[in-house]
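Student: Could you walk me through a structure, feature by feature? I'd like the general idea before each case.

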Amino acid sequence: MLDDPGVDALVRQWTAERAQDADADEAHRIASEWLADAPIIAAPGIPGQRARAGASRWAAVEAADPRYISAMRKRLPDVPHDLLAAAAGWWQMVGGVAEAEEWWDAGMSPLDQRALDYRAAGLAPSDLARRLGPLTVLEHLRRGSAPAWCVARLQRQRRDGAA
């Protein structure tokens, strides 16, 4: 993975929570059989709308763009697909795949959605490598510094450097 122990711990926790044992498989099988025997109740709605629409079903929707998942799979080949799909849903909000890859190249893990907070605070991927004293911005953020604090320090650094 990347040099972020929190991400490694997240992957281990996610995998452990989803590990199936015989008892869980049996409980899932019993629940599925029980739900299959339950009567199907028609969805409420205005009768005129139901008559025209007929018995429609919900369309299956892909929650995550496959381009994000494949880009993430290249960087994290051992991570379960469900975890990648969940993380890809967040990364789609950051922007395009190219911008997400900029964040990843700057040191963010594809499983770390804090980039959304960093971006909202005004940070760019190129800011993560900049130094604020002895540490980089990314190191400050990993140690718990607020993104807004880092943005303010970077602005002050730019202003003082331009003066």
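Tutor: Let's go through the fold, one residue and one helix pair. This is a predicted model, where local features need pLDDT of at least 70, side-chain atom pairs count only at pLDDT 80 or more, and totals for chains, interfaces and linings use all residues. Residues are numbered from 1 along each chain as its sequence is written, and side-chain values use heavy atoms, leaving out hydrogens and water.

Student: How many helices and strands are there in the protein?

Tutor: Helices (H or I, at least four residues) and strands (E, at least two) are DSSP runs, numbered from the N terminus. Here you get nine helices and two strands, in the order α-α-α-α-α-α-α-β-β-α-α.

Student: Does His140 count as buried or exposed?

Tutor: Buried means under 20% relative accessible area, exposed over 50%, partly exposed in between (1.4 Å probe, protein chains only). His140, in helix α8 (residues 137–142), is buried because its relative accessibility is 12%.

Student: What does His140 touch?

Tutor: Contact means heavy atoms within 4.5 Å. Not counting residues up to four places away in sequence, His140 touches Leu132, Leu135, Ser145, Trp149 and Cys150. A polar atom of the His140 side chain lies 2.9 Å from the backbone oxygen of Leu132.

Student: At what angle do α4 and α6 pack?

Tutor: Axes are lines fitted to C-alpha atoms over the stretch in contact, and angles run from 0 to 180 degrees between N-to-C directions. Helix α4 (residues 66–75) and helix α6 (residues 97–105) pack at about 25°, axes 10 Å apart. So α4 is roughly parallel to α6 (angles under 35 degrees). Residues making the contact include Tyr68 of α4 and Trp104 of α6.

Methods. Polar contact = N/O pair within 3.5 Å; in protein donor to acceptor, adjacent residues only side chain to side chain. Parallel < 35°, antiparallel > 145°, perpendicular 65-115°, else oblique.
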